[in-house]
Amino acid sequence: MMLQVPGVLTPAEVAHVRGLIDAAAWVDGKATAGAQSGLVKRNRQLPQDAPAARDAGILVRDAVRRSPLFMSAALPHTVFPPLFNRYEVGETFGDHIDNALRFHADTGVRIRTDLSATLFLTDPGDYDGGELVVEDTYGLHEVKLAAGDLILYPASSLHRVRPVTRGARTASFFWVQSLVREDARRALLFDMDLAIQCLAESAGQDEPAIVSLTGAYHNLLRMWAEL
Ligand code: NI
């Protein structure tokens, strides 16, 4: 399941994050790439132990945790400390699948990457190219979102970032280990949660059928969640 989560950061928060990271020292993005992805990755990143990356990463992590849509769709067990990348003219990231496991040396966080997330930090009018292209069984999905919006997609997907041809594209990216490992199960729970919320708005939380459906949601989550 791919999901757009709009407005994870407000315009003021985007400006704040950009203020923190833009002046920091960026390094070659190959630093966090695996052997295969390192061959096709041409961009720059903030070192994960850079103070600016740490501070901005905490802002991003707290913002996604405040998003009911993100929480319902991702059902996060652990959110990897967000990282930051930038693609300038001619830079790109070719076809790859993200590493299955990630270890964060500073915090000791170690996760299985069930979901990948990109939070856009540049207005789409400020650059050309730089689309995130994700392949799944329904074909190709091109993603280029407003600054502050986030895309969530299965980390098992083949994906790439098209070359930037004007301006520069700055984004935050991170991975999530979900309480529910399987994408299909997580998608079912998400659909069910949205439908229950929708029904509750029209019929009221105490409607017996909604109480029953809410119970079924939790019993499925109990069956599938891994802590
Ligand atoms: Ni990737």
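**Exercise 1. The nickel site**

Find which residues coordinate the nickel ion in this predicted model, and work out how they are spaced in sequence.

*Solution.* Start at the metal: the nickel ion is coordinated by His96 through NE2, Asp98 through OD and His159 through NE2, at 2.1 Å. Next, follow these donor residues along the sequence, where the spacing reads H-x1-D-x60-H. Finally, check their surroundings: both His96 and Asp98 are buried.

**Exercise 2. The sides of helix α1**

Describe the span of α1, then decide where its buried and exposed residues lie.

*Solution.* Begin with the span. Helix α1 covers residues 11–22, which makes 12 residues, and its first and last C-alpha atoms are 16 Å apart, close to the 16 Å expected at 1.5 Å a residue. Now pick out the buried residues of α1: Val14, Val17 and Ile21. Because they cover an arc of only 65 degrees around the axis, they sit on the same side of α1. Turn to the face pointing away from that buried side, and you meet the exposed residues Pro11, Ala12 and Gly19. As a last step, look at the partners: the buried residues of α1 pack against α3 (51–65), β6 (83–87) and β17 (169–178).

**Exercise 3. Placing Thr107**

Locate Thr107, classify its exposure and relate its position to that of Leu221.

*Solution.* First, look between β8 (101–104) and β9 (109–112): the loop there holds Thr107. Its relative accessible area is 49%, so Thr107 counts as partly exposed, since exposed means over 50%. Then compare positions: Thr107 and Leu221 are 114 residues apart along the chain, and 28 Å separates their C-alpha atoms.

Definitions and conventions:
Residues are numbered from 1 along each chain as its sequence is written. This is a predicted model: local features need pLDDT of at least 70, side-chain atom pairs count only at pLDDT 80 or more; totals for chains, interfaces and linings use all residues. Side-chain values use heavy atoms; hydrogens and water are left out. Donors are N, O and S atoms within 2.8 Å of the metal (3.2 Å for Na, K and Ca); water is not among the atoms, so sites may look incomplete. Buried means under 20% relative accessible area, exposed over 50%, partly exposed in between (1.4 Å probe, protein chains only). Helices (H or I, at least four residues) and strands (E, at least two) are DSSP runs, numbered from the N terminus. The expected span of a helix is 1.5 Å times one less than its number of residues. The arc is that of the directions from the helix axis to the C-beta atoms. Contact means heavy atoms within 4.5 Å.
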